[in-house]
Amino acid sequence: MNARDDSSPHAVMPAIAHPAGLREIADDYDGYVMDLWGVLHDGVNAFPEAVDCLRQLKARGCAIAILSNAPRRAETVRRRNTELGIDPALSDTVVSSGEDTWRHLKARDDAFYAGLGAKVLHLGPARDRDLLQGNGLEPVASLEAADFILNTGPGAPEARVEDFQALLDEALSLDRPMVCANPDLLVIRGGRAEICAGAIAERYREMGGVVRFHGKPDPGVYERCFAAMDAVPKSRILAVGDSLRTDMAGARAAGIDGLFISGGIHADELGAGPGERPSAARVDEACRAAGVRPVGVMPALVW
């Protein structure tokens, strides 16, 4: 299956499949790039049927990379997965946007980071502070003292982008760049929508602020997944995720197929309740609007 060849606006698009379970298309793939939130867990509980899919794929000898836009080090994400009931043995690697951020902050391997400075104002909760350790950063308490902002997202579930407007106004007036460790706009935690770092960063970018994003859909983070897949060709790798904007767009940018999980952050938009299949027309419309074409769509990841 392949639905990536959609560069022409006049091309006839192949139909998006609606498999009853991953087993119906599993023979087409040897490697999987798995999203976390909305696919394997909801931040509170792991999804048993999704974890069973990992077991089934591992039994078939497939390579599995977990790729998350979590703004934390990969080891922190791995520990949290274990707490939720996702056995570390069910994946070959865990790659996070937070790890990618940390590595760039440490390596300073491009012009943006080489000129960034070390004094950082952290915008985010205490659970994300592992990004401030071991990479030469000096946390400060004010924008005036900071060289840049490290944005890992709001700390309160009820937070709104408007709550950060005064901070963004000051940052823009001081010309402070922002590093965003999670490009997601929102996440569903335990059935409730919460904004993510990406929503704040997008507002700052729209205001004219300089923002460096890490994570999906940037193809760079996919390369670290591919490195752990023992030379599985891209034509045999499937990305599974619940976001058209990051997971499916990232799959397309990385040159691999995508399987869209419709019961995640797009569920309300697609007009489908928990476990319900959205109409093919609604899925097609949403995918066209997002400029992506997954090979298939399922309400949840099941075998």
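In what order do the strands of the open six-stranded sheet run? Here are my notes, with the reminder that this is a predicted model.

1. To take that question straight away: the order is 3-2-1-11-12-13, and the pairing is parallel. Strand 3 (93-96) and strand 13 (296-298) sit at the edges with a single partner strand each, so one side of each has no neighbour in the sheet. From one strand to the next, the twist averages 20°.

2. Have a look at the strand 3 end of that sheet. Strand 2 (residues 63-68) runs parallel to strand 3, and four bridges join the two. If you want a spot to start from, find Ile-66, which stands opposite Val-94 in strand 3. Helix 2 (residues 74-84) lies across strand 2 and strand 3, and runs at about 120° to strand 3.

3. There is also an open sheet of five strands, again with parallel pairing, in the order 5-4-6-7-10. Its edges are strand 5 (138-139) and strand 10 (211-213); each has a single partner strand, so one side of each is left without a neighbour in the sheet. Helix 6 (residues 197-207) packs on this sheet and touches strand 4, strand 6, strand 7 (178-180) and strand 10. The direction of helix 6 makes about 145° with that of strand 10.

4. Inside the five-stranded sheet, strand 4 (residues 119-123) pairs with strand 6 (residues 148-151) in the parallel sense, over four bridges. Val-120 has Phe-148 as its bridge partner in strand 6.

5. Now for a helix pair. Helix 7 (residues 219-227) packs against helix 8 (residues 244-254) at an angle of about 75°, their axes 9 Å apart. That makes the two helices roughly perpendicular. From helix 7 come Pro-219, Tyr-222 and Phe-226; they meet helix 8 residues including Thr-246, Asp-247 and Gly-250. The residues of this contact split into six nonpolar, two polar and one charged.

6. Lys-216 deserves a look of its own. You'll find Lys-216 in the loop between strand 10 and helix 7. Is Lys-216 buried or exposed? Lys-216 counts as buried because its relative accessible area is 3%, and the cut-off is under 20%.

7. What does the side chain of Lys-216 make a polar contact with? The partner is the side chain of Asp-35, at 2.9 Å. The Lys-216 side chain also reaches the backbone oxygen of Leu-67 at 2.9 Å. Leaving aside neighbours within four places in sequence, Lys-216 is in contact with several other residues, among them Tyr-222, Thr-246 and Asp-247. Those three also turn up where helix 7 meets helix 8.

Note on methods:
Residues are numbered from 1 along each chain as its sequence is written. This is a predicted model: local features need pLDDT of at least 70, side-chain atom pairs count only at pLDDT 80 or more; totals for chains, interfaces and linings use all residues. Side-chain values use heavy atoms; hydrogens and water are left out. Two strands pair if DSSP finds at least two bridges between them. Contact means heavy atoms within 4.5 Å. Axes are lines fitted to C-alpha atoms, for helices over the stretch in contact, and angles run from 0 to 180 degrees between N-to-C directions. Angles under 35 degrees count as roughly parallel, over 145 as roughly antiparallel, 65 to 115 as roughly perpendicular and the rest as oblique. Ala, Val, Leu, Ile, Met, Phe, Trp, Tyr, Cys and Pro count as nonpolar, Asp, Glu, Lys and Arg as charged, and the others, Gly among them, as polar. Buried means under 20% relative accessible area, exposed over 50%, partly exposed in between (1.4 Å probe, protein chains only). A polar contact is a pair of N or O atoms within 3.5 Å; within protein, one must be able to donate a hydrogen and the other to accept it, and residues adjacent in sequence count only if both atoms are side-chain atoms.
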